[in-house]
Amino acid sequence: MLIDSGSPGGVGTIGITLTINGERRELQVAPWTTLLDLLRERLDLTGTKKGCDHGQCGACTVLVNGTRINSCLTLAVMKDGAEITTVEGLAGLAHREGTNSLHPIQEAFVEHDAFQCGYCTPGQLCSSVGMMNEGHAKTRDEIREAMSGNICRCGAYTNIVDAIEDVMQQGGAR
Amino acid sequence: MNRFDYVRPSTVAEAVQALGSDPAARFIAGGTNLIDLMKYDVERPGKLIDITRLPLDKIEERDGGLRIGALVTNAALAYDARIRERYPLLADAILAGASAQLRNAASTGGNLLQRTRCYYFYDTATPCNKREPGTGCSAIGGVDRIHAILGTSEHCIATHPSDMCVALAALEATVRVSGPQGDRAIPFAEFHRLPGDDPAKDTNLAPGEIIVSVDLPARGFAGHHTYLKLRDRLSYAFALVSVAAALELDGRTIRTARLALGGVAHKPWRNTDAEALLQGRPATRESFKAAADLVLREAKPQSTNGFKIELARRAIVRGLEQAAAGTPQSQSDKRIQ
């Protein structure tokens with residue numbers, strides 16, 4: 001057994017290690033803490049949003065080892081050892097020495113006005129980077145399908161697809 | 001979410017031992033369904049057994065087919081080059097379901113074991129025989145638009161929500177399980193069950209058993225197949241009706257047919273009589289209509305889901321036409337040809 005939280009009813013926090021936006025963190029977590037709640041409530045990384053909290057809206061999308069998932073449907077303890085990238089860390093993924101730039105997808109969202117209220121945007125950004133890492137979507141139809149797990153109540157979809165297409169044409173994610 | 005103990009085994013034997021005979025213990029892999037159910041207090045496990053470190057994440061050649069480890073994610077499976085080339089029906093069905101984020105997390109074993117999305121099953125304030133046996137079925141006579149038309153009982157009209165399982169039924173997969181009594185293999189058609197008078201039981205998995213792999217036989221129907229899914233939105237919605245159709249043809253004559261439906265029953269609905277009827281017949285609309293009529297002969301509508309019967313009839317015909325023509329439904333361009 002790799003980990004055993006102890007006897008039934010024990011309070012049992014568990015020690016885990018996560019690398020979050022490049023920074024290694026040793027954390028004690030209760031097993032029922034979702035990755036989303038850990039990020040927002042414990043680590044003050046409130047860029048990742050809680051929309052539905054049921055995996056239906058995509059606002060909580062983060063990258064785990066480069067792969068996009070819903071952080072609301074993931075227990076933090078299960079991701080022990082993983083590298084997590086949140087919207088706060090996207091710029092760092094694309095950082096070039098001597099610059100203070102955003103990630104290209106962030107630049108493109110600004111350029112294409114790909115949001116209105118902005119609540120879904122962190123999830124849209126992380127999901128876009130994850131989608132480009134996957135490398136399966138090429139056409140606009142395929143981008144729309146691959147981004148269907150991110151709901152935008154303001155309806156900025158057309159501009160979101162424009163922004164993603166723009167970055168893909170420039171060589172994709174970093 | 002309730003409080004629970006958490007253990008993380010490293011072997012299948014440790015996992016089976018940790019589950020033991022504890023009815024309140026649950027395995028967790030992707031977590032995409034279980035954590036959701038825990039947030040609604042539909043599931044309140046006393047112990048979670050995190051199986052993500054078990055060595056079950058490989059896809060391996062086996063007897064001319066493929067052995068899919070229970071922890072292979074839906075995304076890894078759908079994009080595996082061997083699956084895309086030899087079992088494109090399975091790849092398409094997976095890509096028809098959920099969202100990219102969920103497919104990146106959700107496991108093969110978990111897909112088989114996901115629970116129904118019946119509104120009343122999720123709502124702990126309402127009676128539900130699946131959630132609380134003996135309390136009654138709120139869906140019967142309630143909001144039943146998404147519910148089953150085949151194989152229902154007076155106790156439950158829920159549907160199985162999976163797309164992947166509809167393809168696995170058509171492909172005659174085998175589910176390999178391990179448990180306190182040893183290992184066994186369950187034919188896919190016998191894995192899920194109909195509600196009968198015990199709708200709390202979704203599958204024939206015995207207490208204490210864990211899924212270790214899903215095995216695909218050699219025949220993949222790569223030449224003539226389709227997964228046609230009809231739903232209220234073009235993406236990221238459960239099927240109202242879906243059809244997995246697969247054919248082997250001699251010219252225009254059907255040598256072998258496979259036909260399974262999703263969104264219409266408590267389990268992936270495969271009808272071998274309809275498949276037998278198609279065998280030896282010409283691959284024409286007339287033949288396909290006869291098969292559809294046979295599949296739906298026993299269909300029974302609830303108060304507002306009667307539309308599903310005609311929808312399923314037409315989806316079967318269209319699906320078989322797509323399969324025969326070798327023009328499978330695109331899962332990104334949703335126009336139906």
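Student: In which sense do β1(A) and strand β1 of chain B pair, and over how many bridges?

Tutor: Happy to start there. This is a predicted model. In general, strands of a sheet pair through backbone hydrogen bonds, either parallel or antiparallel. Here β1(A) and β1 (residues 5–8) of chain B pair in the antiparallel sense, over two bridges. To find the spot on screen, look for Asp4(A), whose bridge partner in β1(B) is Val7(B).

Student: Let's widen the view. How many residues does each chain bring to the contact?

Tutor: Chain A gives 42 residues and chain B gives 41 residues. Between the two chains about 3,300 Å² is buried, and carbon and sulfur atoms account for 55% of that area.

Student: And the polar side of the story: how many salt bridges and how many residue pairs in polar contact are there between chain A and chain B?

Tutor: A salt bridge calls for a side-chain nitrogen of Lys or Arg within 4 Å of a carboxyl oxygen of Asp or Glu. By that rule, three are found across the interface of chain A and chain B. One of them joins the side chains of Asp53(A) and Lys39(B), at 2.8 Å from N to O. Polar contacts between the two chains come to 18 residue pairs, with both residues at pLDDT 80 or more. On chain A, the elements that each supply at least two residues of the side touching chain B are β1 (3–4), β5 (67–70), α4 (121–134) and α5 (140–146). That side of chain A divides into 14 nonpolar, 19 polar and nine charged residues.

Student: Now the sheets. What is the strand order of the open sheet in chain A?

Tutor: Read across the five strands as β3-β2-β6-β4-β5, with mixed pairing. The edge strands are β3 (23–29) and β5 of chain A, each pairing on one side only. Direction ignored, neighbouring strands are turned by 40 degrees against each other on average. Strand β2 (residues 14–20) of chain A runs antiparallel to β3(A), joined by seven bridges; there, Ile16(A) has Leu27(A) as its bridge partner. As for helices, α4(A) packs on this sheet, touching β4, β5 and β6 of chain A, with its direction at about 40 degrees to that of β4(A).

Student: What order and pairing does the open sheet of chain B have?

Tutor: Its five strands follow β4-β5-β8-β6-β7, and the pairing is antiparallel. At the edges sit β4 (59–62) and β7 (182–187) of chain B. The twist averages 25 degrees from one strand to the next. Six bridges link β6 (residues 174–179) of chain B with β7(B), where Val175(B) stands opposite Ile186(B).

Notes:
Residues are numbered from 1 along each chain as its sequence is written. Chains are lettered from A and ligands numbered from 1 in the order in which they are written. This is a predicted model: local features need pLDDT of at least 70, side-chain atom pairs count only at pLDDT 80 or more; totals for chains, interfaces and linings use all residues. Side-chain values use heavy atoms; hydrogens and water are left out. Contact means heavy atoms within 4.5 Å. Buried area is the accessible area (1.4 Å probe) that two parts lose on being put together, summed over both. A polar contact is a pair of N or O atoms within 3.5 Å; within protein, one must be able to donate a hydrogen and the other to accept it, and residues adjacent in sequence count only if both atoms are side-chain atoms. Helices (H or I, at least four residues) and strands (E, at least two) are DSSP runs, numbered from the N terminus. Ala, Val, Leu, Ile, Met, Phe, Trp, Tyr, Cys and Pro count as nonpolar, Asp, Glu, Lys and Arg as charged, and the others, Gly among them, as polar. Two strands pair if DSSP finds at least two bridges between them. Axes are lines fitted to C-alpha atoms, for helices over the stretch in contact, and angles run from 0 to 180 degrees between N-to-C directions.
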